[in-house]
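Here are my notes on this one, jotted down as numbered points. Have the structure open while you read.

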Amino acid sequence: MAIDLATRKIVWERPVGTTHDMGLFKMHYDLPLPTGIFNIGGSTVTAGGMIFVGAYADDYIRAIDERNGKIVWQARLPAGGQATPAVYQGRDGREYVVIAAGGHGGLGTRNGDAVIAYALPRD
């Protein structure tokens, strides 16, 4: 959900995430229904207006357009991404998004020890 802080009105609202890795009552099965799924973790917004979230229980990191809520990119993580992604600018002037994919015991996502970086497209 995105809220315009000046008007306090909802700009867009949509479910994000699938039941790919987790369904009701923490039952694990590979049935990717686009129902939306709970998450534990934060999001990061780039200067270009992309919201990055990797906290959903289906082990994907996604880029969401802040203007309309559409998912413009996603990638599968090797474990749960219940962490806030970091964005930084490299020496080459490009923006990068980094996330720790370590899983979450309470949420029941896969455990891991990966730190993954993605380069954002130029312009």
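1. Let me start with the aromatics. Bear in mind that this is a predicted model. Searching the whole structure turns up 3 aromatic pairs. Take Tyr88 and Tyr96: their ring centres are 5.3 Å apart and the planes meet at 20 degrees, so this pair is stacked. The cut-off for calling a pair stacked is planes under 30 degrees apart.

2. How do Tyr88 and Tyr96 compare in exposure, buried or partly exposed? Tyr88 has a relative accessibility of 41% and counts as partly exposed. Tyr96 has a relative accessible area of 17%, so it falls under the 20% limit and is buried.

3. The backbone fits with that pair, too. Tyr88 stands opposite Tyr96, which belongs to E8. Next along, Gln89 has Glu95 in E8 as its bridge partner. In total, 4 bridges join E7 to E8 (residues 95-101), and the two strands run antiparallel.

4. What links E7 to E8? The two form a hairpin with 5 residues between them. Have a look at Gly93 in that turn: its phi is positive, at about 85 degrees.

5. Now zoom out to the sheet these strands belong to. It is an open, antiparallel sheet of 3 strands, ordered E7-E8-E9. E7 (86-89) and E9 (114-119) are the edge strands; each has a single partner strand, so one side of each has no neighbour in the sheet. Neighbouring strands here are turned by 25 degrees against each other on average, with direction ignored.

6. On the other side of the hairpin partner, E8 pairs with E9 in the antiparallel sense over 6 bridges. One spot to check is Ala100, which stands opposite Val115 in E9. Why call E8 largely enclosed by the rest of the structure? Because 5 of its 7 residues are buried.

7. There is also a sheet of 4 strands, again open and antiparallel, in the order E3-E4-E5-E6. Its edges are E3 (43-45) and E6 (71-76); each has a single partner strand, so one side of each is left without a neighbour in the sheet. From one strand to the next, the twist averages 15 degrees.

8. Within that sheet, E4 (residues 50-53) and E5 (residues 60-65) pair in the antiparallel sense over 4 bridges. Phe52 has Ala63 in E5 as its bridge partner. Phe52 is worth a second look for its ring as well: together with Trp73 and Tyr118 it forms one aromatic cluster.

9. Over to the N-terminal end. Met1, Ile3, Leu5 and Ile10 make up a nonpolar patch on the surface, and together they have about 460 Å² of accessible area. Among them, Ile3 lies in strand E1 (residues 2-4). Ile3 is partly exposed, at 48% relative accessible area, which leaves it short of the 50% that exposed residues must exceed.

10. Last point: Glu13. Where does this residue sit? Glu13 is found in the loop between E2 (9-12) and E3, and at 56% relative accessibility it counts as exposed. Lys70 is 57 residues away from Glu13 in sequence, yet their C-alpha atoms are 10.0 Å apart in space.

Terms used. Residues numbered from 1 in each chain as written. Predicted model: local features only at pLDDT ≥ 70, side-chain atom pairs only at ≥ 80, totals over all residues. Heavy atoms only, no water. Pairing = 2+ DSSP bridges. Axes fitted to C-alpha atoms, helices over the stretch in contact; angles between N-to-C directions. Buried < 20%, exposed > 50% of the residue type's maximum accessible area, 1.4 Å probe, protein only. Patch = residues over 30% accessible without salt bridge, like charges linked within 9 Å, V, L, I, M, F, W, Y side chains within 5 Å. Areas by Shrake-Rupley, 256 points an atom, 1.4 Å probe, with all protein chains shown as cover. Salt bridge = Lys/Arg side-chain N within 4 Å of Asp/Glu carboxyl O. Phe/Tyr/Trp six-rings, centres within 6.5 Å; stacked < 30°, edge-to-face > 60°.
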